Amino acid sequence: MKPNGHPSRPRGHGIVRRWRADKSGNVAIMFAASLPVLFATAAIGVDAGYLFTERRSAQGAVDLAAIAAAADLGNAEAAARATLTANDVGDIQSLIVTRGRYVADPGRHHTERFEPGVAPFNAVAVELATQRPYFFARTFLSGEADITVRSIGVSSSAATFSVGSRLLALRGGLANKLLEALIGGSIELSVMDYEALANADISLGDQLDALAGEVGITAGTYDDVLDAHVTVRDWLRAAAAVSGRNGDSAAQAALEVLANGTMAGSLVLPLDQMIALGPFGALAIGQPSQGLGATFNALELLTTSAQVANGDRQVALDLGASVPGIASLRLELAIGERPQYGTWAAAGLPQATVYTAQTRVRLLAEVGGGSVLPGVSVRLPIAIDIAQARARLESTTCEDVGAGQAGATIAATPGIVTAWIGETGLHWGDLDAPAQVTAARIVSLPLLRVYGSAVVEATNTSATMLTFSAEDIRDKTIKRAQTTDALETLASSLVENLSLRVEAGPLNLGLPGGLLAGLGTILGTAARPLDDVVQTVLQTLGVSLGEADVRVHEARCGAGALAG
C-alpha cells in the first residue's frame with residue numbers, strides 16, 4: 001500500500017489508458033482504409049471526363065455529317081459516312097441516315113418537327129453508335145462504353161421563282177391606256193420603250209437596296225424594307241437607279257418618265273403581297289447573298305407593282321374605235337388581292353408558294369351590221385372570270401455541287417377560266433361572289449331582238465410538275481402548266497358556241513336561217529381582234545388564260561444547316 005492508505009494500481013494500466021486516448025494516428029488509418037475507394041473514384045472520374053469529351057467530339061462529327069448529308073440529299077448516306085471518316089470517329093458500330101421533312105413550326109414539340117420518310121425531302125437525320133474503351137476504370141468495369149449521338153440537318157438549297165410572268169409582244173397604245181388606268185397620269189411609252197424595259201434585268205437584291213435608299217432606311221434587314229411605307233413611285237425610282245447603274249439607259253429613262261409623270265406617288269405598294277423573301281428577309285440591307293441574286297426584268301417589276309397596288313380595285317377603259325374592225329370598245333377590269341401570305345414572287349425553301357391575282361374582264365364591243373343588217377349596231381358583250389393560278393416550289397436539285405449548279409421542280413396549278421357571252425350583273429366587281437351572267441341582247445330594233453349566250457370553261461385543279469434544269473434557269477425559260485382546253489382564241493371559241501334566240505315582231509316568227517348565219521359571220525369577224533385585245537390586256541398584267549406561267553429566276557445548292 002501507498003503511505004496514504006490507497007492500494008497501488010498496476011503499472012501497465014496507465015499505458016493502455018494513454019494509448020486509448022491518443023488520436024494522433026486516426027487520419028492516417030482512415031486514409032489508408034479509404035485509399036482503394038479513392039483510387040476507384042478517381043479512375044471512374046477520369047474515364048467519365050474522357051467519355052464526356054469523346055461524346056462531345058462524336059456529336060460534333062455527327063453534326064457535320066448531318067450538314068453534309070443535308071447539302072446533298074440525293075447521296076445523304078455517302079456524304080455522312082465520308083464526313084465521319086474524315087473526322088476520325090473511330091469504329092462505327094452503326095450508322096442510320098434517314099431522309100425526311102423538317103417543319104420549323106414552333107407550335108410543334110421539337111421532337112415532332114422531323115418527319116422521317118415524308119417527301120419532298122428537305123432534311124436528314126443522322127444517328128451514330130460507336131464505342132470507347134475504359135482506361136483506369138477497366139479494373140472495375142468490363143467491356144467498352146457505348147456512345148450514341150444523333151443530329152438533324154436541314155437543306156438550305158433554295159430557289160427564287162414567280163408565276164404569271166408571260167411577256168410577249170406588247171401593243172404600245174393599249175398597254176399605255178391600261179397602265180394609265182392603273183397608275184394614273186398620262187403614259188406615252190412606245191413599243192421600243194416596252195422592249196427596253198423587258199430587256200433590262202434587275203437583281204432582287206439591287207432593287208431592294210435601292211428601294212431602302214428611296215424610303216430612307218439606312219440600317220436594318222430586308223424584312224424592314226418590305227414592311228416600310230412604299231409607293232409605286234419609290235419602287236419605279238429604285239428600278240430606274242439600278243437600270244442606270246447597269247447601263248440600261250433606255251429602261252432608266254422610261255422608268256423615270258413613269259415615276260415622275262404619273263400619280264404613282266399616291267399609290268401605296270404592299271410589298272409583302274408582291275415578294276416573299278423567306279429566310280433571306282433576315283439579312284442585313286446591303287449584305288451580299290446568292291438568294292437575292294435572282295433577276296427580274298424591269299417590265300415585270302412595273303406591271304406587277306401596278307397590279308398589286310391596285311388590288312381589289314376596278315379599272316374602266318373606253319378604247320373607242322382604236323381596235324381595227326371594231327366600231328367601239330369598252331373594257332372593264334377587276335383585280336383581286338392575292339390570298340393572305342400569297343405573293344407574285346418568292347425566294348425561299350421548298351413549299352414556298354406564289355399566286356396570281358384573281359381577275360375579271362368585261363368587254364363590250366359594237367360592230368356595224370354590214371350588208372346583213374345595214375345601219376344596225378351589233379353588240380358583243382364578253383365576260384371572263386380567271387381564278388388564281390399558283391405555283392409551289394416542290395424541290396431543288398443539285399446538278400453539280402462543285403459548280404453550284406442547281407435545278408428546281410415547281411408544282412403549278414392553272415387558274416380556272418370561265419368565259420361568257422352575256423350580260424353581267426351590277427356586282428361584277430365583287431370578286432368574293434360568283435359571277436352572274438344572263439343572255440345578252442345582241443341586236444335590238446323595234447320589231448327585232450336577238451339574244452345570245454355562250455359559255456366556255458377550262459379547268460384543271462391538279463398540279464403539273466414543271467422541271468427546270470440549270471440551263472433552263474440560265475436561259476430564263478418560262479414553262480407553262482395548261483388546262484385541259486387551250487383558250488388562246490377565247491372570243492372566237494365563244495362565238496363558235498353561241499346560241500342565238502330571235503324575237504321578231506309580236507308573234508316571234510323568227511328570221512330566215514341565212515340572216516342568222518350572216519349575223520354569226522359578223523360576230524365571228526369581230527371576235528378575232530377581240531382575242532388580241534384580251535391577250536394584250538392579260539399579258540400586261542402577267543395573267544394567262546387557262547395557264548400558269550412559271551419562271552425560276554435562280555436556284556442554288558446551299559450548305560446544309562442544323563435544325564433548330
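This is a short talk through one sheet, some salt bridges and a charged patch in a predicted model.

Okay, hi everyone. Keep in mind as we go that what you have in front of you is a predicted model.

Let's start with the sheet. Five strands make up an open sheet, and reading across, the order is β7-β11-β5-β25-β23. The pairing in this sheet is mixed. If you're new to sheets, here's the background: strands pair through backbone hydrogen bonds, and they can do that parallel or antiparallel.

So which strands stand at the edges? Those are β7, residues 275–276, and β23. Each has a single partner strand, so one side of each is left without a neighbour in the sheet.

Now go to β5, residues 158–163. On one flank, β5 is joined to β25 by six bridges, and the two strands run antiparallel. If you want to find that pairing on screen, take Thr-160 and look across to its bridge partner in β25, Glu-554. Another one to click on is Ala-158, whose partner in β25 is Arg-556.

On the other flank you've got β11, residues 345–348. Here four bridges do the joining, and β5 and β11 also run antiparallel. A handy pair to look for is Ser-162 in β5 with Ala-345 in β11.

Is β5 buried or exposed? Six of its six residues are buried. You can see this on both faces: Ala-158, Thr-160 and Ser-162 are covered on one side, and Ala-159, Phe-161 and Val-163 on the other.

Right, on to salt bridges. How many does the structure hold? Twelve. I'll walk you through a few.

One of them involves β25 again. Arg-551 and Glu-300 meet through their side chains, at 3.6 Å from N to O. Arg-551 sits in β25, residues 547–556, while Glu-300 is in helix α10, residues 298–309, so this pair ties together parts that are 251 residues apart in sequence. Both ends are tucked away: Arg-551 counts as buried at 5% relative accessibility, and Glu-300 is buried too, at 3%.

Next, Lys-476 and Asp-201, whose side chains form a salt bridge at 2.0 Å, N to O. Lys-476 is in the loop between α11 (470–474) and β23 (478–482), and Asp-201 is in strand β6, residues 201–203, so here the parts tied together are 275 residues apart in sequence. These two are partly exposed, with relative accessible areas of 35% for Lys-476 and 25% for Asp-201.

Then there's Glu-127 with Arg-150, where the closest N and O atoms are 3.9 Å apart. Glu-127 belongs to strand β3 (residues 123–133) and Arg-150 to strand β4 (residues 144–154), so this salt bridge links parts 23 residues apart in sequence. Glu-127 is partly exposed at 31%, and so is Arg-150, at 44%.

There's also a little network to look up: Arg-330, Glu-332 and Arg-362 are linked by salt bridges.

Last stop, the surface. Which residues gather in a patch of negative charge there? Asp-223, Asp-224, Asp-227 and Asp-272. Asp-272 takes us back towards the sheet, since this residue is found in the loop between α9 (249–260) and β7. With a relative accessibility of 46%, Asp-272 counts as partly exposed.

And if you keep one picture from today, make it β5: paired with β25 and β11, and covered on both faces. Thanks, everyone!

Methods
Residues numbered from 1 in each chain as written. Predicted model: local features only at pLDDT ≥ 70, side-chain atom pairs only at ≥ 80, totals over all residues. Heavy atoms only, no water. Salt bridge = Lys/Arg side-chain N within 4 Å of Asp/Glu carboxyl O. Buried < 20%, exposed > 50% of the residue type's maximum accessible area, 1.4 Å probe, protein only. Pairing = 2+ DSSP bridges. Patch = residues over 30% accessible without salt bridge, like charges linked within 9 Å, V, L, I, M, F, W, Y side chains within 5 Å. Areas by Shrake-Rupley, 256 points an atom, 1.4 Å probe, with all protein chains shown as cover. Lys, Arg positive; Asp, Glu negative; His and termini not counted. Charge placed at Lys NZ, Arg CZ, Asp CG, Glu CD.
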